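Hi,

Here's the structure I said I'd pass along. Have a look, and my notes on what turned up are underneath.

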Amino acid sequence: MRQQGQGTARRWMASPILSASAVVHLGSGAASLIHPQAWPWALAAVLANHGVLAGAGLWPKSQLLGPNWIRLPATSGARGEVAITIDDGPDPAVTPRVLAQLAERRAQATFFCVGERVERYAELAQEIVRRGHTIENHSQRHRHNFSLLGPSGMRAEIARAQDSISRVTGSTPRFFRAPAGLRNPFLDPVLDGLQLRLASWTRRGFDTVTGNAEAVYRRLANSLRGGDILLLHDGNAARGATGTPVILEVLPRLLDTLRAQELRPVMLRAALP
């Protein structure tokens, strides 16, 4: 059951593409039994269906596999709210400086943290929350094969991170972001059972793979508007030519741009209905 609003809940329902997939599999099986000579066509239909599902899982912004926040709700966008989300930490060499930059400009952010890093750097995770930001769930170990896990494996990774973050910070995550944004059809019912919402992003800076702060900034700041969800990284941050983590060069400029455009950074939770 996934929480909706203030304490209400709904029963999980498969997305249309998952319902259609079930029909394809059942129909193909039935056709093969009734007309054995049709098995090549039935197999082709099943393989094509799997291709569509795989493609949806490899597209982080896809909403085909279930609800996925790629923008804030329309009411937040109308108020000129933007969410800055920061992934893969906490990192003792980077996160304290990120917190200082946010504090200097009185801005709030959402940190999608890795559970085992929250445990390892507990005081830093607590400091994130103490400063008025929120920590959300980015899995326990940030496994590169997360999207290949079955439902039990996914649930174990996400539930362990829920426990780690809740126990260390005293705050229970309400959002989940998949490692690298990659997932499979099993994720939505797992999140529903854990009362979590999937959140991706409107645009990202690719600041884990490029040390060019100007390029990262342009990717994030181009066509900014209310409702955007922006992605940066304090963990696994790429370094620029001087060795400075890219986020530290980009974040102050990005916050200044938001202010100049009369856009206000908020945490994802502030946009919940």
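A quick word on labels before you start: helices and strands here are DSSP runs, with at least four residues for a helix and at least two for a strand, numbered from the N terminus. Also, this is a predicted model.

On confidence, the protein has an average pLDDT of 86, and 78% of the residues score at least 70. Two stretches to watch: residues 1–10 stay under 50, with 28 contacts beyond four places in sequence in the model. Residues 41–47 are also below 50, and that stretch has seven contacts beyond near neighbours in sequence. Where pLDDT is low, don't read the predicted coordinates in detail.

Now for Ser 200. You'll find it in the loop between β7 (197–198) and β8 (203–204). Is Ser 200 buried or exposed? Its relative accessible area is 2%, and buried means under 20%, so Ser 200 counts as buried. Leaving out residues up to four places away in sequence, Ser 200 touches Pro 60, Asn 68, Trp 69, Ile 70, Arg 177 and Ile 229. With Asn 68 there's also a polar contact between the side chains, at 2.9 Å.

The other thing I looked at is helix α9, residues 213–221. Its buried residues are Ala 213, Ala 215, Val 216, Tyr 217, Leu 220 and Ala 221, and they pack against β8, β9 (229–233) and α10 (246–260). At the N-terminal end, Asn 212 caps α9, with a side-chain oxygen 3.1 Å from the backbone nitrogen of Glu 214. Just after the helix, Ser 223 has a positive phi of about 60°.

Cheers

How values were computed:
Residues numbered from 1 in each chain as written. Predicted model: local features only at pLDDT ≥ 70, side-chain atom pairs only at ≥ 80, totals over all residues. Heavy atoms only, no water. Buried < 20%, exposed > 50% of the residue type's maximum accessible area, 1.4 Å probe, protein only. Contact = heavy atoms within 4.5 Å. Polar contact = N/O pair within 3.5 Å; in protein donor to acceptor, adjacent residues only side chain to side chain. pLDDT = per-residue confidence, 0-100.
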